[in-house]
Amino acid sequence: MASDPKVHIFEEVAKHNKTKDCWLVISGKVFDVTPFMDDHPGGDEVLLSATGKDATNDFEDVGHSDSARDMMEKYYIGEVDPSTVPLKRTYIPPPQARYNPDKISEFVIKILQFLVPLLILGLAFAVRHYTKKE
């Protein structure tokens, strides 16, 4: 790695998002992985999906080997200016569904689906009992 690394602006790095020109930001370092696109075991789609963002989590989640980490050194081209990296988006939960008065009717339908067959069965036993010849 260079002793005095070049500092890249994140927007500049994000422009390199094509198969023939692919840069990644991993742990604050910028890597030009264009020569590695055809050789990557996961395919070039994996690398392209990690462009335009901080790919550190993507890289670490896969669990790369030590040799893969050592291989990264030859693709190192500098550092990314941390002040230009966009903040991670915070999770905003979807709005909760409003109270649906139809839920009550669904409950009534479920109760009736249980009670109606029982009533029919009870009626059948009653009819049989009273019409039975002794």
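**Note on the predicted model: sheet, cores, surface and salt bridges**

1. Strands β3 and β4 are joined as a hairpin with two residues between them, and S27 in that turn has a positive phi of about 55 degrees. S27 is a residue other than glycine, and most residues other than glycine have a negative phi. At 47% relative accessibility, S27 counts as partly exposed, where buried means under 20% relative accessible area, exposed means over 50%, and partly exposed covers the range in between (1.4 Å probe, protein chains only).

2. Some notes on the basis of these remarks. This is a predicted model, in which local features need pLDDT of at least 70 and side-chain atom pairs count only at pLDDT 80 or more, whereas totals for chains, interfaces and linings use all residues. Residues are numbered from 1 along each chain as its sequence is written, and side-chain values use heavy atoms, with hydrogens and water left out.

3. The protein chain holds five helices and five strands, arranged along the sequence in the pattern β-α-β-β-β-α-α-α-β-α. Helices (H or I, at least four residues) and strands (E, at least two) are DSSP runs, numbered from the N terminus. Of the contacts in the protein chain with a separation of 6 or more, 66% are accounted for by residues 24 or more positions apart; contact here means heavy atoms within 4.5 Å.

4. The strands make an open sheet of five, in the order β1-β5-β4-β3-β2 and with mixed pairing. Because β1 (7-8) and β2 stand at the edges with a single partner strand each, one side of each is left without a neighbour in the sheet. Two strands are taken to pair if DSSP finds at least two bridges between them.

5. Strand β3 (residues 21-26) is mostly covered, with five of its six residues buried. On one side β3 is joined by two bridges to β2 (residues 17-18), and these two strands run antiparallel, with N17 standing opposite C22 and a hairpin of two residues as the connection. Four bridges join β3 to β4 (residues 29-32), again antiparallel, and in this pairing V25 stands opposite V30.

6. The largest nonpolar core has 14 residues, and those that touch the most other members are C22, L24, I26, F31, V33 and L47. The strand that gives the most to this core is β3, with three residues. A nonpolar core is a set of buried Ala, Val, Leu, Ile, Met, Phe, Trp, Tyr and Cys residues joined through side-chain atoms within 4.5 Å. Not counting residues up to four places away in sequence, L47 touches C22, L24, V33, F36, M37 and H40. Apart from the largest core lies another, of six residues, among them V13, W23, V30 and V80.

7. Of the 134 residues of the protein chain, 22% count as buried. The chain exposes about 10700 Å², of which carbon and sulfur atoms supply 60%; accessible areas come from the Shrake-Rupley method with a 1.4 Å probe, and for residues only the protein chains shown count as cover.

8. A nonpolar surface patch of about 1200 Å² deserves a look, made by F107, V108, I111, L112, F114, L115, V116, L118, L119, I120, L121 and F125. Among these, F114 lies in helix α5 (residues 102-131) and counts as exposed because its relative accessibility is 56%. Patches are made of residues with over 30% relative accessible area and no salt bridge, with like charges joined within 9 Å and nonpolar side chains (Val, Leu, Ile, Met, Phe, Trp, Tyr) within 5 Å. As background, nonpolar side chains in soluble globular proteins tend to be buried together.

9. A search of the whole structure finds two salt bridges, each being a side-chain nitrogen of Lys or Arg within 4 Å of a carboxyl oxygen of Asp or Glu. In one, K53 pairs with D58, the closest N and O atoms being 2.9 Å apart; K53 is partly exposed at 35% relative accessibility, and D58 is partly exposed at 31%. The side chains of E60 and R69 also meet in a salt bridge (3.0 Å, N to O), where E60 is partly exposed with a relative accessible area of 36% and R69 is partly exposed with 30%.

10. K53 lies in the loop between α2 (44-49) and α3 (56-62). Leaving aside neighbours within four places in sequence, K53 is in contact with F10, V25 and D58. The C-alpha atoms of K53 and E11, which are 42 residues apart along the chain, are separated by 9.6 Å.
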